[in-house]
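Reader: I have a structure in front of me and would like to learn how to read it. Where should I begin?

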Amino acid sequence: MSTDLSLIRNFSIIAHIDHGKSTLADRLIQVCGGLTEREMSEQVLDNMDIERERGITIKAQTVRLNYTAKDGKTYELNLMDTPGHVDFAYEVSRSLAACEGALLVVDAAQGVEAQTLANVYQSIEHDHEIVPVINKIDLPAAEPEMVRKEIEDIIGIDASEAVLTSAKSGIGIEDVLEAVVAKIPPPKGDRDAPLKAMLVDSWYDPYLGVVILVRVMDGWIKKGLEVKFMQGGTTHLVDRVGCFSPKRTDLPEIGPGEIGFITAQIKEVEQARVGDTITTMKNGAPTPLKGYKEVQPVVFCGLFPVDAADFEKLRESIGKLRLNDASFSYEMETSAALGFGFRCGFLGLLHLEIIQERLSREYDLDLITTAPSVVYRIQLGHTKTEDAQTIELHNPADYPDPSRIEMIEEPWIKAVIYTPDEYLGAILKLCQDRRGIQTDLTYVGGRAQVTYELPLNEVVFDFYDRLKSISRGYASFDYEQIGLREGDLVKMNILVNNEPVDALSLIVHRSVAEERGRGMCERLKDLIPRHLFKIPIQAAIGGKIIARETIAALRKDVTAKCYGGDISRKKKLLEKQKKGKARMREYGNVSIPQEAFIAALRMGEE
Amino acid sequence: MMARALYIHWPFCLKKCPYCDFNSHVRDGVDVARWQAALVADMRAEAALASGEKLSSIFFGGGTPSLMPPALVEALLREAEALWGFAEGIEITLEGNPSSVEARNYADLASAGVNRASLGLQALDDAKLRFLGRLHSAEEGLRALETAQNVFERVSFDLIYALPGHTPEEWRAELSRALGLGTSHLSLYQLTIEPGTKFATMVRQGDFAPLDDDAAADLYSLTQELTSAAGLPAYEISNHARHGEESRHNLTYWRYQDYVGIGPGAHGRRSGMATQRHRKPENWLSAVEERGSGCQHELAIPVPEQASEALLMGLRLAEGLDIAALARRFALPEEQLVDFAELEQLASYGLVTREASHITVTPAGMPLLDAILPRVVADGLVAA
Ligand SMILES: Nc1nc2c(ncn2[C@@H]2O[C@H](COP(=O)(O)OP(=O)(O)OP(=O)(O)O)[C@@H](O)[C@H]2O)c(=O)[nH]1
Ligand code: SF4
Ligand SMILES: [Mg+2]
């Protein structure tokens with residue numbers, strides 16, 4: 001028998017990046033005895049290497065805890081820790097759909113920031129009960145009272161009962177748990193109705209195969225049950241049911257209102273679509289639940305194996321990763337210079353970096369990443385042999401014959417930026433440089449909220465990094481897409497040693513082409529090691545060179561001393577060099593290191 | 001092919017120099033009798049495996065072999081002669097430091113049989129010597145050189161250049177002075193910061209920055225210009241000699257002929273085998289005393305790898321090497337030894353020349369040898 005509905009609480013922890021969600025989750029787990037002191041580590045739910053290294057959450061995680069409240073009853077808490085970075089907003093939205101409430105964590109020193117707002121508005125849309133938590137009150141710069149007022153003024157929710165915590169030093173944790181029990185409503189659900197469970201998340205586990213996180217709305221799931229995925233149309237036999245506490249724990253069943261995982265011998269990655277509704281084979285529910293809004297990737301780039309022989313391995317690895325992360329897309333691509341690979345779509349540049357890093361790390365692949373691009377819509381005029389048509393351009397390499405182009409449109413976004421006013425000047429300049437159009441500027445206390453319309457292709461590469469660096473980390477940023485607009489866009493080629501390098505070509509606005517070209521050439525000059533000959537690097541639009549740099553020839557590279565007949569050291573060096581050579585791609589006889597392809601695009605100080 | 005060259009390593013120094021990554025150690029006292037017995041035993045162990053041809057060169061390297069008691073040197077030479085025999089005109093070199101203490105030994109070392117000295121002068125002014133952590137002064141070094149030139153038949157010395165901030169003017173003056181000291185052989189090494197040395201730590205901590213490669217390249221060409229004009233052109237990347245005065249012993253390495261190496265950390269090549277002695281003096285000593293040999297590794301080198309070694313050593317020499325001869329020696333086709341397409345390209349940059357089957361790295365190519373080798377040496381020869 002599963003837990004009585006009145007004793008269940010399902011909630012997400014949401015916040016702006018770094019405000020302490022994962023650390024708060026640690027404390028909640030500890031107080032509820034989910035892990036012993038010895039098993040505990042910092043941000044224990046951030047279990048991917050890459051999350052631990054970067055200190056950020058990428059993937060939402062769900063934990064079931066038992067908490068005995070002051071009223072003497074023991075509650076089942078299903079806690080979902082979510083990421084704060086804008087690129088992973090999709091993870092947040094899925095978690096929210098599986099809960100009845102949210103803990104809104106706000107840093108007592110930083111106050112309300114862009115993702116605080118973006119996430120809280122999503123939560124409100126789900127009719128959630130929101131419990132404000134003001135965290136990091138241990139910091140000398142903490143101003144909990146001001147932050148309380150900010151929450152009320154900017155977000156417009158009552159913060160008079162906001163819980164004050166220091167997740168780091170364990171202050172206020174019981175208060176958070178009591179507030180969860182008292183304020184967040186228990187789930188509704190009917191045990192006897194036909195099964196309706198939402199497929200919240202799915203991932204590939206090397207031991208269990210495909211694991212599926214579900215939120216049961218009505219009915220129940222047990223081992224041995226035959227289930228149907230209503231959207232996917234496939235049927236499966238459930239062979240394991242359980243939850244994470246946060247250790248994996250098998251359960252007899254998952255009942256209404258509960259969150260847990262199942263495995264069902266699912267082989268095909270595509271079968272476990274996030275947002276699908278799971279019901280029973282026999283006497284299933286007639287209508288599915290409302291699914292998730294499909295996410296649209298906004299940044300595209302090509303991923304190619306350094307070693308062409310790794311293509312199959314790359315295909316398999318991308319398939320597995322995709323199961324872990326429904327928000328990126330991929331399709332096969334071939335390039336003259338790079339051979340077989342994939343064109344992949346991502347939610348943002350950090351997302352791209354993370355996927356690339358996970359592929360190389362978890363699947364041991366050496367990859368070449370081509371310049372990221374957004375999706376352009378191009379209207380082509382007719383020719384003698386072809387009709388007029390409209391195409392979508394994902395890859396600068398496919399840029400059509402310019403004489404056929406009648407119009408190019410590019411995606412625009414509305415960006416909302418929050419910043420302490422002292423950085424406003426620099427931020428306005430940044431937006432202006434990126435072809436932004438200011439639509440609103442509001443002051444709230446010592447802060448400014450500025451709204452800009454910006455072309456997405458000016459934002460995808462390094463806008464976020466630049467924003468952070470010019471505001472010393474204080475400005476925050478959120479955006480939404482607002483459709484396509486016509487632009488005077490051209491394709492810029494980069495020529496290395498007089499040969500165009502496909503993977504470096506990009507689409508730019510004519511007004512900034514020369515400046516971008518110059519920047520690219522300058523950066524490539526530093527990124528490509530000196531060779532035995534001098535290397536011209538040029539940026540060109542059509543046949544016209546718009547920028548040029550030269551990498552001087554190498555002048556010294558030698559082991560001066562070869563001592564006492566010790567040949568082995570020199571031989572090791574030669575072996576290392578040969579290996580390094582095998583890992584670089586040659587263009588026009590020039591070896592370009594992999595990291596250069598993305599690094600060349602970072603615009604840096606301007 | 002049988003060994004005609006013998007290397008003997010003496011691992012002790014009075015002080016460790018901050019740039020040095022050789023197998024050198026500072027010890028309070030050395031039990032000379034024990035070391036003599038052990039070096040003799042190590043020599044016998046190798047002679048048992050590789051003898052038959054007379055030695056044409058012996059090299060005492062270190063460490064600081066000029067600290068060896070002359071009687072020990074003499075005993076080792078006598079043993080070597082008994083084991084292999086000496087070829088007519090054998091070259092017997094001993095490395096030394098030019099302090100006044102050691103200079104007192106030179107005459108006795110010469111009587112013991114040493115006929116060539118290689119002195120670690122390293123610099124001709126006190127500020128540079130101090131930076132390099134050397135124990136001798138400039139004055140002392142010059143006097144030691146004079147003593148050596150009086151007692152040994154041939155004397156070479158080393159200088160280190162391309163120090164931090166080293167200007168072409170300074171180096172021109174110093175090298176010109178050195179060339180005026182009546183030597184017929186010079187080793188001129190650019191300072192390199194080797195991992196694990198004190199200098200490596202200092203560079204990491206920002207105490208000084210090494211000279212940048214372009215400036216070092218300028219000093220390298222200046223060096224070629226001055227030494228050639230003085231009649232001591234480079235015959236190897238860092239070694240210069242009047243014609244006929246090259247170090248025969250070192251040519252053995254570079255021409256990839258066999259050599260016996262004994263003493264701590266010594267390397268040897270014995271018909272396709274690489275031999276390496278225990279590096280740490282104490283470990284080597286106990287190995288010899290227990291098993292009669294200080295050898296730690298003895299490894300068969302696959303033929304293609306031998307060919308790669310021959311290439312990477314041979315191309316250091318101004319004389320270059322003959323691919324056809326190499327192909328015969330290792331019974332491999334020429335195109336499996338070198339990448340001819342790369343060679344052609346490198347030739348077009350003026351970095352190598354090729355005449356029939358003979359290839360030579362040009363003076364312009366020499367300072368780039370490490371970048372040239374991975375292109376020239378055929379892929380199949382290198383384990384990658
Ligand atoms: N001083 C102080 N630091 C805290 C507190 N809570 C969290 N931190 C620190 O804030 C940083 C971010 O904490 P996380 O828990 O990773 O933040 P997060 O909100 O999960 O971040 P993302 O998942 O990347 O959005 C870490 O260095 C924590 O140690 C607190 O109460 N006091
Ligand atoms: S004297 Fe020579 S071997 Fe000894 S530490 Fe100095 S450089 Fe190294
Ligand atoms: Mg986190």
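Author: Begin with the ligand. This is a predicted model, and the shell around ligand 1 has 6 nonpolar, 10 polar and 5 charged residues.

Reader: Which residues come nearest to ligand 1?

Author: Gly20(A), Ser22(A), Ile56(A), Thr57(A) and Gly84(A) come nearest, out of 21 residues around ligand 1. Helix 1 of chain A, residues 21–31, gives the largest share of this shell, with 3 residues.

Reader: What does the UniProt annotation "binding site" cover?

Author: In the UniProt record, an unreviewed entry, the annotation "binding site" covers Asp18(A), His19(A), Gly20(A), Lys21(A), Ser22(A) and Thr23(A), and also Asn135(A), Lys136(A), Ile137(A) and Asp138(A). Such annotations may be inferred rather than shown by experiment.

Reader: Is Asp18(A) buried or exposed?

Author: The way to read this is to count neighbours: 20 or more other C-beta atoms within 10 Å make a residue buried, and 12 or fewer make it exposed. Asp18(A) counts as partly exposed because it has 19 C-beta neighbours inside 10 Å. Asp18(A) lies in the loop between strand 1 (8–15) and helix 1 of chain A.

Reader: And Gly20(A), buried or exposed?

Author: Gly20(A) has 25 C-beta neighbours inside 10 Å and therefore counts as buried. Its place is also in the loop between strand 1 and helix 1 of chain A. Leaving aside neighbours within four places in sequence, Gly20(A) is in contact with Val105(A), Asp107(A), Asn135(A), Lys136(A) and Ala167(A).

Reader: How do I read the two faces of a strand?

Author: In a regular strand the side chains alternate between the two faces of the sheet. Take strand 10 of chain A, residues 226–229: Val227(A) and Phe229(A) form the covered face, while Glu226(A) and Lys228(A) form the uncovered one.

Reader: In what sense does strand 10 of chain A pair with strand 11 of chain A?

Author: The sense is antiparallel, over 3 bridges, with strand 11 spanning residues 235–237. Glu226(A) has Leu237(A) as its bridge partner in strand 11 of chain A. The hairpin of these strands has 5 residues between them, and Gly233(A) there takes a positive phi near 80°. Strand 10 of chain A also pairs with strand 16 (residues 277–280) of chain A, in the antiparallel sense over 3 bridges. Opposite Lys228(A), in strand 16 of chain A, stands Thr279(A).

Reader: How many residues does each chain give to the contact between chain A and chain B?

Author: Interface size is often given as the accessible area lost when the parts come together. Here we have residue counts: 27 residues from chain A and 41 residues from chain B. The side of chain A that touches chain B has 11 nonpolar, 5 polar and 11 charged residues.

Reader: What is the strand order in the open sheet of chain B?

Author: Read it from one edge to the other. This open sheet of 9 strands in chain B has the order 7-8-6-5-4-3-2-1-9, with mixed pairing. Strand 7 (234–236) and strand 9 (260–262) of chain B are the edge strands, each pairing on one side only. From one strand to the next, the twist averages 20°.

Reader: Which pairing in chain B is parallel?

Author: One example is strand 1 (residues 5–10) with strand 2 (residues 55–62) of chain B, which pair in the parallel sense over 6 bridges. Within that pair, His9(B) has Gly61(B) in strand 2 of chain B as its bridge partner.

Reader: Which strands does helix 1 of chain B lie across?

Author: Helix 1 (residues 32–49) of chain B lies across strand 1 and strand 9 of chain B, and runs at about 155° to strand 9 of chain B.

Notes
Residues numbered from 1 in each chain as written. Chains lettered and ligands numbered in written order. Predicted model: local features only at pLDDT ≥ 70, side-chain atom pairs only at ≥ 80, totals over all residues. Near = placed C-beta within 6 Å. Helix = DSSP H or I, 4+ residues; strand = E, 2+ residues; numbered from the N terminus. Nonpolar A, V, L, I, M, F, W, Y, C, P; charged D, E, K, R; others polar. Pairing = 2+ DSSP bridges. Contact = placed C-beta atoms within 7 Å. Axes fitted to C-alpha atoms, helices over the stretch in contact; angles between N-to-C directions.
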